[in-house]
Every structure is written in structure tokens, then in C-alpha cells.
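Trainee: I am new to this structure. Please pick a single part, look at it closely, and then tell me about what lies beyond it.

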Number of protein chains: 2
Amino acid sequence: MSKYWSDIVGELQPYKPGEQATSDGVIKLNTNENAYPPSPTVEEAIKFFSSGSLRLYPDPMSLRLRTAIADLENLGIDNVFVGNGSDEVLAHTFRAFFKNDVPVVFPDVTYSFYPTYCKLFNLSYGEIPLDDDFQFRPELIPARNGGIIFPNPNAPTGIYLDYSEVELIASKHADSVVVIDEAYGEFGTRSSADLVKKYPNVVVTRSFSKSYSLAGARLGYALANKDLIEGLYRIKDSFNSYPVDRLAEVCALAALRDRTYLNSVIKKIKESRETLTNGLRNLGFRVLNSEANFVFVSHEKIMAESLSVALRERDILVRYFSKPTRIGNFLRITVGTEQQVQKLLASMTEILR
Amino acid sequence: MSKYWSDIVGELQPYKPGEQATSDGVIKLNTNENAYPPSPTVEEAIKFFSSGSLRLYPDPMSLRLRTAIADLENLGIDNVFVGNGSDEVLAHTFRAFFKNDVPVVFPDVTYSFYPTYCKLFNLSYGEIPLDDDFQFRPELIPARNGGIIFPNPNAPTGIYLDYSEVELIASKHADSVVVIDEAYGEFGTRSSADLVKKYPNVVVTRSFSKSYSLAGARLGYALANKDLIEGLYRIKDSFNSYPVDRLAEVCALAALRDRTYLNSVIKKIKESRETLTNGLRNLGFRVLNSEANFVFVSHEKIMAESLSVALRERDILVRYFSKPTRIGNFLRITVGTEQQVQKLLASMTEILR
């Protein structure tokens with residue numbers, strides 16, 4: 001604590017991302033990165049990029065990228081906001097739409113950045129308890145709230161909420177902004193993106209980090225009614241004129257073009273997710289039904305923390321949330337390649353023996 | 001104005017960056033971009049970049065880049081914060097250190113993003129009037145203030161404040177955080193970076209956009225005592241874990257390595273600045289003494305706005321600030337290549353005829 005800090009700084013509870021691997025042999029299943037590299041179109045786009053253009057600022061409105069996203073999502077360019085990763089997009093969303101006279105609400109087991117944003121923007125929040133099977137219960141959302149946000153599929157559980165239930169939340173809470181965080185949306189059954197055409201209070205956020213394998217390039221976007229997108233641009237233009245750099249934009253445009261590659265990667269991950277789920281269940285694990293690129297698991301006979309330590313000794317990183325809550329005995333394991341999944345299952349078998 | 005916006009959104013006064021050129025033939029002297037491309041080491045780094053690594057998140061603490069900057073600035077890694085352009089770094093700086101019980105202060109003619117940040121973070125501010133020659137008068141800074149910030153060289157005037165005067169501000173206002181925005185620092189006489197070793201209240205921000213020709217890659221940094229850097233990381237980690245992407249980091253590291261190229265570019269720009277300054281003075285312009293990569297000019301006989309329109313008709317963009325203040329009749333003109341400077345001078349001659 002420094003006397004030079006503003007009042008807020010000491011009170012913040014900064015988010016802690018999963019660690020980065022420092023040696024090459026490690027199997028990194030701790031931050032839900034894609035098991036596969038981005039499309040070859042990205043490699044090509046980088047190779048053909050002329051560094052001379054870097055002397056110029058990027059387009060502050062990212063028109064090219066927003067047009068490509070709008071085409072993909074079957075929306076207008078006025079319905080698209082882009083930013084430096086969906087984390088930045090979410091931060092601006094909290095600032096732009098959530099009110100501080102009543103609590104913002106989100107599930108009690110969810111992306112742990114949400115309470116961090118609330119602290120940063122001085123928003124109170126209330127948690128909606130998931131049921132014993134970690135299902136979201138929208139009927140528990142209070143009629144008066146400062147905004148609603150939830151990931152779909154949820155993180156770190158991987159559990160997907162049906163489109164019809166998402167729509168019900170949007171229509172029932174017409175006075176609140178409802179944010180559906182689809183960071184893992186491409187691995188799930190159906191996106192809620194088209195709800196933004198029907199509901200002026202819906203924001204859907206999406207990411208290039210997971211399905212497009214571009215976590216290292218920092219790109220995310222929000223879809224919404226044009227008034228909400230204007231609100232996001234007002235915040236962004238009061239914060240940083242150019243959050244999306246020229247190289248990142250070129251990578252995103254290239255990745256968006258190659259639908260065949262994207263779909264093949266998603267298919268492989270879904271297949272490996274099934275291998276992983278079944279394999280762990282055969283070893284006695286409780287594995288929640290995941291529609292994301294990770295599984296959330298626990299075992300009756302061995303503590304999650306001990307498991308994570310034993311895996312680390314075998315050069316496998318998984319995510320353990322050291323929290324005294326009901327997820328305190330769970331591990332979140334990213335779906336790797338088929339080979340990585342087999343390696344993980346073999347290690348688990350060995351550890352449990 | 002939407003009913004879904006939070007209270008702050010409607011009150012914001014978003015910053016408007018200079019327009020981007022849409023056709024190729026335009027001479028773009030309106031956003032202080034470097035006239036020259038980045039070092040060939042940047043081109044090489046991009047060509048050798050393996051796109052496969054983009055599937056992984058960047059290092060959230062940017063240790064490699066911070067180490068390189070610390071070495072350059074003769075400081076420790078704990079004295080370096082990096083972000084998505086110096087605009088993002090400045091935004092976090094306002095949030096982390098400026099107090100809202102008394103006004104933050106900055107010159108009345110200065111970077112127009114400062115009042116925008118104040119609006120965003122709900123900070124009041126007071127403007128310190130520059131004298132008739134646009135010189136900063138540190139003696140007018142009130143003893144009680146919520147923080148002090150000024151660019152050095154100042155923007156849009158280009159006027160440099162002596163190192164000794166900067167130091168005096170830091171020592172005299174020991175209870176305030178003093179931010180020296182050196183976005184254009186490499187074109188000036190002397191950086192204040194080493195003051196951070198001596199004064200725990202000093203923050204110096206710098207940019208890769210101008211001198212390193214990397215405006216399109218979005219990189220900026222702050223130098224300060226380690227307690228202040230920790231404060232910035234607390235804000236950043238409550239906002240966006242990974243603002244610096246993998247490609248941007250690689251570009252910055254490559255640019256930092258090539259000091260010979262950097263110095264040759266700076267030398268050329270200083271020479272062209274002299275050509276431009278003298279040429280405009282010969283045409284009857286008032287040209288402030290600039291230590292940046294732009295000049296701030298006005299002419300008695302022709303309005304700045306008319307000049308900017310006439311230049312645009314000749315495919316030359318310059319920056320005109322449409323403000324009813326004493327800078328309302330000034331133009332800010334980026335120092336281009338020698339050829340661009342000659343073209344501008346020829347056009348001005350023609351217009352004035």
C-alpha cells in the first residue's frame with residue numbers, strides 16, 4: 001500500500017490468470033488455450049504483412065474487422081464492437097451498462113473476473129447459487145438488479161444453458177442489460193448471438209482466443225443493438241483510441257476466412273472432450289457435462305489439490321482454484337490433443353493407483 | 001442516449017483521434033506518425049514469427065519486454081509497466097494515482113485526452129494557463145492538487161520544459177504523483193526517466209508509436225518507483241490480464257535492439273523539423289520552437305481552418321483543432337520526410353499567394 005495510490009487501488013482484488021509454462025516439455029491444460037495452432041491462413045497473413053504499415057495508427061473504428069464479424073454473425077456493422085481480448089470488452093461492458101444502485105448479478109460459480117470488474121468499477125454484486133448439479137437457475141435472478149451476466153457455456157463448469165432459457169432471461173428482465181459471455185460459445189450447442197436482433201437489452205461477447213486459437217493476439221468482440229454498441233464506443237474512446245493493433249486485426253481477418261479449419265478444430269476438440277470425459281469417469285471421477293474446451297472434475301478419494309501437484313510432477317499443468325467453496329475440490333482441465341488426453345488419463349491412472 | 005447506459009456514458013466527452021487516410025496518394029501529417037517505417041529488425045521479427053505460438057496467451061507480466069526496457073532505461077524490471085499504447089498506460093495512471101478530492105492539474109493547452117480521462121474516472125481538474133509564448137509555468141501549480149500531468153515536450157505545442165524545471169516540480173510537490181508524458185520524448189533534449197530513481201512520486205510514460213514507428217502495434221510504457229508500478233499492475237490485473245499481444249511484444253523487442261536505426265530516424269526528423277520550421281517562418285508563419293516530431297503554427301493573414309481545407313484539396317492532411325480558444329487559429333503539422341516537407345512548403349506558398 002502506497003500513499004500515492006488512489007483509494008480504489010488498495011481495495012482491488014486483481015484477477016490471477018493461470019500460470020504460463022516456462023519449459024517446453026510441459027503439457028499445458030490450465031488456461032483453456034486451444035490444443036491446435038491457428039489456421040494456416042494466419043501464418044500466411046503474418047508472412048505477407050508489410051511492417052512498413054506499422055508506422056501508422058490502426059483504424060480506431062476497426063471497420064474491416066467489424067464488417068467481417070458482422071457478415072459472419074449476420075448482423076450489421078453497428079452491432080459489433082471489437083477490443084483487446086474479450087476481457088477488455090467485458091470490462092467496458094461492465095462500465096457502460098451496469099448500474100450501481102442495485103447489485104449486478106451472476107452465478108456463484110462463474111468466471112472469477114466478474115467480481116474483480118465490480119470492485120474496479122465500484123459496483124455491488126449478488127451471486128445466484130447454482131443447484132447441486134451446478135445448473136444455473138434463472139428463476140432466482142431478482143427482478144431488480146443492476147445488470148445480469150453469465151458465461152454460456154459457464155466457466156469453470158462447462159455447463160451450457162439452453163437457448164430458450166437464455167431468451168427467457170432477456171425477455172423477463174427487459175429493463176436490465178443481459179450479457180451472455182460466449183468465450184467458449186463455439187464449442188457449445190447454439191450461440192445466442194441472434195437474440196441481439198430481437199432484444200435491445202442483450203449483449204453477447206465472443207472471443208478469438210479459444211476456438212480460433214488466437215489467445216496470443218488479443219481479440220474479442222461484443223454484439224448488441226446499435227445503441228449499446230455506441231455506449232461501448234463512448235467508453236472505449238474515453239480510454240484508448242486504438243486497442244486493436246494492425247497485426248492482430250490481420251490475424252483475425254485471416255482466421256475468420258477459414259471456416260473449414262475452424263470447424264475441423266472444433267470437431268476434434270469435441271471428440272477429445274468425449275474421450276477425456278469418458279476416460280475420467282471410468283477412473284471414478286465426477287465429470288460435469290461440458291460444452292466448452294475444458295472439463296470440470298472431482299474425485300471422491302483424492303483431493304483436487306493433491307492431484308494438481310501430482311500432475312505437475314508429471315509435467316502436466318491443470319487449473320486448481322484454491323478456494324474454500326464447493327468448487328474447492330474440483331480441477332478444471334483443458335481438452336488437449338488426443339495424445340495429450342491419453343497422457344493425462346495415463347497419469348491419472350498412475351496417481352490413483 | 002439509451003436507457004441501458006450507465007450514468008457515466010452520456011456524460012463522457014470521448015477523444016477524437018485524427019482521421020485515417022482512405023486513399024493512397026495522401027500525405028498524412030495529421031496524427032504525428034513517424035515519417036519512416038520501423039527498423040528492418042521489425043520486418044525480420046515478423047517474418048520469423050511462428051503463428052503456432054498465437055494459440056497461447058502472452059505472458060501477462062511481459063517479463064521479456066520489461067527487462068529490455070529496464071536495461072535501456074537503466075532501471076529495474078520493477079520500475080517498468082507496459083500496456084496497449086501509452087494511451088492505455090495513461091488511463092491506468094489516472095485511475096491508479098489521481099485523487100478526486102482536489103483537482104488534478106495540467107496545462108490549459110495540452111493533450112486533449114487528459115480531460116477525457118478525468119470525465120471517465122470522475123476526477124475534477126484544473127488547467128494551468130500557459131503564458132503568451134505557450135510556456136508552462138510550474139509556479140502556478142497549486143500546492144493542493146489531486147495529481148499533476150503534462151507532456152514533455154508538450155502537445156500540441158512541441159515546447160520542451162527543461163529537466164531542471166521538471167525536477168523542481170517533482171521535489172516541490174512531493175505529496176502528489178507527477179506524471180511526465182514523454183510520448184515525444186525521444187525527439188526532445190533530455191528524458192526525465194532517471195528522476196524515478198530519486199523521486200518516489202514521479203511517473204514517466206513513453207511510447208513506441210512515435211520514435212520507433214510502431215503506432216500500429218500499440219505499445220507504451222511507464223517508469224516509476226516499484227510501489228507505483230505495483231499500483232498500475234493492480235489496476236491492469238483488474239481490467240485485462242494480457243493487454244500486450246505476442247506479435248506486438250516481438251515487434252517492440254526487435255525495435256529496441258536497433259539503436260542505430262532509431263538514432264538515424266530521429267536525426268532525420270530533427271533535420272526536417274528545422275527545414276519545416278524555417279520554411280514556414282519564411283512564409284510569415286508563427287512557428288513555436290518544437291522538440292517533438294511536429295510543429296504548431298499559425299499565420300496572421302489566413303485562418304488555420306481555411307489553410308487546412310486548402311491543404312486537404314492538395315491531398316495533405318494536417319491537424320486542425322476546431323476549438324474556440326487561443327489555439328483555434330493554429331495547425332499542428334507532423335514532420336514528414338524531407339520530400340513531404342518540401343511538398344507542404346510548396347503548397348503553403350501556393351495557398352498564400
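Mentor: Here is a close look at one sheet, followed by its wider setting. The model is predicted: local features need pLDDT of at least 70, side-chain atom pairs count only at pLDDT 80 or more, and totals for chains, interfaces and linings use all residues. Residues are numbered from 1 along each chain as its sequence is written, while chains are lettered from A and ligands numbered from 1 in the order in which they are written.

Start with chain B. It holds an open sheet of 5 strands in the order 1-11-12-10-9, with mixed pairing. Strands (E, at least two residues) and helices (H or I, at least four) are DSSP runs, numbered from the N terminus. Two strands pair if DSSP finds at least two bridges between them. The edges are strand 1 (27–29) and strand 9 (285–287) of chain B, and each pairs on one side only. On average, neighbouring strands of this sheet are turned by 35° against each other, direction ignored. Axes here are lines fitted to C-alpha atoms, for helices over the stretch in contact, and angles run from 0 to 180 degrees between N-to-C directions.

Now look inside the sheet. Strand 10 (residues 294–299) and strand 12 (residues 331–334) of chain B run antiparallel, joined by 4 bridges. Phe296(B) has Arg332(B), in strand 12 of chain B, as its bridge partner. In general, strands of a sheet pair through backbone hydrogen bonds, either parallel or antiparallel.

A helix covers part of this. Helix 11 (residues 304–313) of chain B lies across strand 10, strand 11 (316–320) and strand 12 of chain B. Helix 11 runs at about 160° to strand 11 of chain B. Contact means that the C-beta atoms of two residues, placed from the backbone, lie within 7 Å.

Next, step out to the other chain. In chain A, 69 residues are in contact with 69 residues of chain B. Elements giving two or more residues to that side of chain A include helix 2 (40–47), helix 5 (113–120) and helix 8 (226–236) of chain A. Helix 4 of chain A gives the most, with 7 residues. By class, that side of chain A has 35 nonpolar, 18 polar and 16 charged residues. Ala, Val, Leu, Ile, Met, Phe, Trp, Tyr, Cys and Pro count as nonpolar, Asp, Glu, Lys and Arg as charged, and the others, Gly among them, as polar.
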